[in-house]
Amino acid sequence: MIDGVKIKKLKVIPDDRGFLMEMMRSDDEVFEKFGQVYMTGVKKGVAKGWHYHKIQNDHFVCVFGKALVVLYDPRDESPTKGEVQEFILSEPTTEGEHVLLKIPKGVFHGFTAVDCDEARIINIPTEKYNYKE
């Protein structure tokens, strides 16, 4: 596992009305602080990525479709420098495993839709978007 990357298993709680799935709580091990919450989508055949953040950690949860998320660790001080790691994140259903993926600052990341026309990811970064930068 790339240094600083963490996985939180998510639990889908079904009932006769549908389901509920918590993504992040302030008492979670992966929680640091709240910046904002946003949703991003990517269409089949397109990749969003190869970017990194200097001051924020990201927390990805797929809420629609299926996404391939690829990480690359370029950080000189990291024991996993040069490593690449891939994750498949899937929309919540009552079957299968669902996760929140923590991507630490400084780690390049990108994602694309797989086995679907579009994938949508909720991100909970530790910092709010700085429109001036």
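These are my notebook entries on the sheets, cores, ring pairs and two loop positions that I looked up in this structure.

**Entry 1: the five-stranded sheet**

I kept in mind from the start that this is a predicted model. I began with the strands and found that five of them form an open sheet, whose order is β1-β9-β6-β11-β4 and whose pairing is antiparallel. The edges of this sheet are β1 (6–10) and β4 (38–43), each of which pairs on one side only. When I looked up the angle between neighbouring strands here, I noted an average turn of 30° against each other, with direction ignored.

I then followed one of the edges inward. Six bridges hold β4 and β11 together in the antiparallel sense, and within β11 the residue that stands opposite Tyr-38 is Asn-123.

**Entry 2: the four-stranded sheet**

I next looked up an open sheet of four strands, which has the order β5-β10-β7-β8 and is also listed with antiparallel pairing. Its edge strands are β5 (47–51) and β8, and each of these pairs on one side only. Neighbouring strands in this sheet are turned by 15° against each other on average, again with direction ignored. As a reminder to myself, strands of a sheet pair through backbone hydrogen bonds, either parallel or antiparallel.

I spent some time on β7 and its two partners. Seven bridges join β7 to β8, and the two run antiparallel; Lys-66 has Ser-90 in β8 as its bridge partner. Towards β10, the antiparallel pairing of β7 runs over six bridges, and there Val-70 has Gly-110 as its bridge partner. I also checked how covered the strand is, and five of the seven residues of β7 are buried, so that I can call the strand mostly covered.

**Entry 3: the nonpolar cores**

Which members of the largest nonpolar core touch the most other members? Of its 19 residues, these are Phe-60, Val-69, Leu-71, Leu-89, Leu-101, Ile-103 and Ile-121. The elements that contribute two or more residues to this core are β6 (58–64), β7 (66–72), β8 (84–90), β9 (98–103), β10 (108–113) and β11. Apart from this core lies another one of nine residues, among them Leu-10, Met-21, Leu-100 and Ile-122. I noted alongside this that, in soluble globular proteins, nonpolar side chains tend to be buried together.

I picked Ile-103 for a closer look at its surroundings. Leaving aside residues up to four places away in sequence, Ile-103 touches Asn-57, Asp-58, Phe-60, Val-69, Leu-71 and His-109.

**Entry 4: aromatic rings**

How many aromatic pairs does a search of the whole structure find? The search finds four, and I wrote down the details of one, formed by Tyr-72 and Phe-108. The centres of these two rings are 6.4 Å apart and their planes stand at 40°, so the pair counts as tilted. The pair links distant parts of the chain, since Tyr-72 belongs to strand β7 and Phe-108 to strand β10, 36 residues apart.

I also checked how accessible the two residues are. Tyr-72 is partly exposed because its relative accessible area is 29%, and Phe-108 is partly exposed as well, with a value of 25%. Ring pairs link Tyr-52, Tyr-72 and Phe-108 into a cluster.

Elsewhere I looked up a charge placed over a ring, and found that Arg-120 lies over the face of Phe-64, at 4.6 Å from the ring centre.

**Entry 5: two exposed positions**

Is Asp-115 buried or exposed? Asp-115 sits in the loop between β10 and β11, and because its relative accessibility is 72%, I count it as exposed. Although their positions lie 48 residues apart along the chain, the C-alpha atoms of Asp-115 and Ala-67 are separated by 8.5 Å.

My last look-up was Tyr-129, which is placed in the segment after β11 (118–123). Its relative accessibility is 52%, so Tyr-129 also counts as exposed, the cut-off for that word being over 50%. From Tyr-129 to Glu-29 the C-alpha distance is 23 Å, and the two are 100 residues apart in sequence.

Terms used:
Residues are numbered from 1 along each chain as its sequence is written. This is a predicted model: local features need pLDDT of at least 70, side-chain atom pairs count only at pLDDT 80 or more; totals for chains, interfaces and linings use all residues. Side-chain values use heavy atoms; hydrogens and water are left out. Buried means under 20% relative accessible area, exposed over 50%, partly exposed in between (1.4 Å probe, protein chains only). A nonpolar core is a set of buried Ala, Val, Leu, Ile, Met, Phe, Trp, Tyr and Cys residues joined through side-chain atoms within 4.5 Å. Contact means heavy atoms within 4.5 Å. Two strands pair if DSSP finds at least two bridges between them. Axes are lines fitted to C-alpha atoms, for helices over the stretch in contact, and angles run from 0 to 180 degrees between N-to-C directions. Rings of Phe, Tyr and Trp (its six-membered ring) pair if their centres lie within 6.5 Å; planes under 30 degrees apart count as stacked, over 60 as edge-to-face and the rest as tilted. A charge sits over a ring if NZ of Lys or CZ of Arg is within 6 Å of the ring centre and within 35 degrees of the ring normal.
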